[in-house]
Structures are given as C-alpha cells and as structure tokens.
Amino acid sequence: MNLRLALYELAERHHLDARSSQRLQQLAGLHEEPAGVSRWMPLATAVLAAVLGGLGLVFWVAANWQDFGRAGRFLLLQAFVVLPLLGALWKPAARAPLALLSLLGIGALFAYFGQTYQTGADPWQLFGLWAALALPLCLALRSDVLWAPWALVSVTAASLWVHAHIGHRWSTEPQDLGLHAVGWGWALAVVAGLSPPLQRYSGAGPWALRTAVTLAVAMITTTGIIGVFRDTVAPHYLLALLLLLAAGVALAQARSFDIFGLSATALGLNTLLFAGLVRLLFRHHRGDAIGELLILGLTAAGLLAATVQVVLKLARQHAQRGGRP
C-alpha cells in the first residue's frame, strides 16, 4: 500500500484542510527520514566506492599495461591487497569496504599471475583459490559485505569446475550426472555454510545467504531445463527437481526460514515444472497450439498463485512464533 496515497484519501474523506492534512502527514512520519537510512546509507556508499575504486584500479593497470614492468605490476597489485588490509586495521569504521577492496585485489592478482606465467590452470582453479584465500578474511570480518561477493566467487568456481570436467561445454549427457551433482553439492555447501544455524561461526547475514541461494538455484535450474529438452529427458532434470524441493523444505523451517531464499527456490521449482509441461505438450504436438498455450498459461498462473499463498502463509506462521520473517 502507498502510504502517501492512503493519507490523501483519508484527508479527502474527512474534508481536512491544508493545515490538518499537513499535521496528519507529520503524525504518519511521512516527512521523516526512513528508519535505518542513517545507519546503512554511509556503509552502502562506502561499499559502492570500494567496488568502483577497485575496478577502477584494475582498469587503470590494464590501460597502462606497457608503462609497468612485470615487477611493477606485481607490486602494484600486491599493494592493492595489503594496503586496504592495513587501512582496515587502522580505521575500524571503514573496515568492511576496505576489506572488500582487498578481496577484489586478490582476484586481480591471481588473474595477472595466470596471464603472466601461463600456468595452464583452468578458470575454476583461479576462482577456487580466490575463494580459499578470501575465506579467512571473511571469517575475520564477519560481514555480508564480504560474504556476499565470496558466495559469488565460490559458486562461480563450482560452475566452472563442472564446465571444465565435462569437456568445456554445457551439456547434460547421462554420464555427466555425477559431475553435475558434485558441482551442485558444492553450491549447496556454500548455501549451508552461510545459513542461520552456522551464523554464529561465520557471522554471515541474510544477504549473503540470499546471494548464495539465488546463484545455486540459477545453476541447478538452468541445467535442469537443458536436460528436459533433450531427445530423451536427462536424469539431471529429476535430480534438479528433487534438490530444489529439498532446499525449499529446508528453507521453510523456522530456524532457517528466509522469505527471499524460499521464493527464489520456489521460482526455480516452478520453472522446472513448467518446462516439463512444455515438453509434455509440445513433444507430441498435434496442431492445437491455442489450447496448449492456454493450458500453459493457466498452469503457470496456478503454480505462481499457489506458491505465493504457501510462502505468505509460512511467513505469517514464523512471524507469529517469533521466527525470522
């Protein structure tokens, strides 16, 4: 509901004059600063500045590539990692954005090392080492500012690992099911590590969990969709359905409930079910395209409506029990 429009309607219904309407808006807090802005806005601005500054430094090094020798490039990128950490120790108020700058520096340093010495390592190894070296930093800082990008790096490493081990292609051959299962397990392990039961150890918050869940759901759902549209449905499709169903059940529990994560998982599950129905209807297409499209539309609407009802019901139940909405 739009609060401003509701106040206008209330003022019109009771025939309030301009002064009374202004007083009503003041009582509703319409002209006050939203709660939490003074706390989160400086941090969000600092984090954005760290991201833009880090990317700017990487691009500057790339643009002036010929002006630095090999040692100069390494020293510059190493300073990119070390100096923000020293700054974080010196100024605790800026610890999160400076640590994020250092995390970006770790990735830039590994990328340059691989490009300079041509080690022959696959991209997943770069991202895996990046995640491993940044893990102590994330555990020390205990903030979503680092855990969210760390989740992105980790799940990217899992996806690239699968891509490398199935022949550097995106396919769903039956013999590749085990490799996909390992990659999905890797992504789900990241989700589990950032979940509420382990927050007292990791210090991760809801946004890190939501980032990991979204990436894992996207990874599993994409593979499942590719599998369902093969000549013969790949077993990846059924496994993807089971994994997302299990993840949805886990996220629906009071201890680990997160409305964003549950919604993302439900969306992935609905997408897979819809993709299966598309295959079922159009695999043996008999010419009644209008009727089949109508069935698809009604099914999609029904799935969405049912999912929203279930998610909202769970949110209300956990809120009444003192759970996390």
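A salt bridge here is a side-chain nitrogen of Lys or Arg within 4 Å of a carboxyl oxygen of Asp or Glu. In this predicted model, the side chains of Arg210 and Asp258 fit that description, with N and O 3.0 Å apart. Arg210 sits in helix α10 and Asp258 in the loop between α11 and α12, so the bridge ties together parts of the chain 48 residues apart in sequence. Both partners are tucked away: Arg210 counts as buried at 15% relative accessibility, and Asp258 is buried too, with a relative accessible area of 2%.

The count of salt bridges comes to two, and the other one joins Glu173 to Arg230, with the closest N and O atoms 3.4 Å apart. Here again distant parts of the chain are linked, since Glu173 belongs to the loop between α7 and α8 while Arg230 belongs to the loop between α10 and α11, 57 residues apart. Are these two side chains buried or partly exposed? Glu173 counts as partly exposed at 25% relative accessibility, and Arg230 likewise counts as partly exposed, at 25%. The cut-off matters for this reading, because buried means under 20% relative accessible area.

The loop between α7 and α8 also holds Asp176. With a relative accessible area of 7%, Asp176 is buried. Setting aside residues up to four places away in sequence, Asp176 touches Ile166, Arg169, Ser171 and His236.

Stepping back to the overall fold, the protein has 13 helices and zero strands, so the run of elements from the N terminus is α all the way through. Of its 325 residues, 37% count as buried. Among contacts with a separation of 6 or more, 67% are between residues 24 or more positions apart. The accessible surface comes to about 18500 Å², and carbon and sulfur atoms account for 67% of that.

What about the nonpolar interior? In soluble globular proteins, nonpolar side chains tend to be buried together. The largest nonpolar core in this model has 57 residues, and Leu146 and Leu194 have the most contacts inside it. Helix α7, residues 144-165, supplies the largest share of this core, with eleven residues. Apart from it lies another core, of six residues, which includes Phe74, Leu77, Phe80 and Leu101. As for Leu194, its contacts beyond the neighbours within four places in sequence are Trp147, Ala151, Gln199, Ala204, Ala208, Leu209 and Ala212.

Helix α6 deserves its own look. It covers residues 123-141, and at 1.5 Å a residue its 19 residues should span 27 Å; the end C-alpha atoms are 27 Å apart, so the two values agree. Even so, α6 bends by about 35° at Ala134, and a proline, Pro136, follows within four residues. Which residues of α6 are buried? They are Trp124, Gly128, Trp130, Ala131, Ala134, Leu137, Cys138 and Leu141. An α-helix has 3.6 residues a turn, so residues three or four places apart point the same way. Ala134, where the helix bends, is itself on the buried list. Right after α6 comes Arg142, whose phi is positive, near 55°.

Key:
Residues numbered from 1 in each chain as written. Predicted model: local features only at pLDDT ≥ 70, side-chain atom pairs only at ≥ 80, totals over all residues. Heavy atoms only, no water. Helix = DSSP H or I, 4+ residues; strand = E, 2+ residues; numbered from the N terminus. Buried < 20%, exposed > 50% of the residue type's maximum accessible area, 1.4 Å probe, protein only. Contact = heavy atoms within 4.5 Å. Areas by Shrake-Rupley, 256 points an atom, 1.4 Å probe, with all protein chains shown as cover. Core = buried A, V, L, I, M, F, W, Y, C linked by side-chain atoms within 4.5 Å. Expected span 1.5 Å × (residues − 1). Bend = angle between axes of the 7 residues up to and from the residue.
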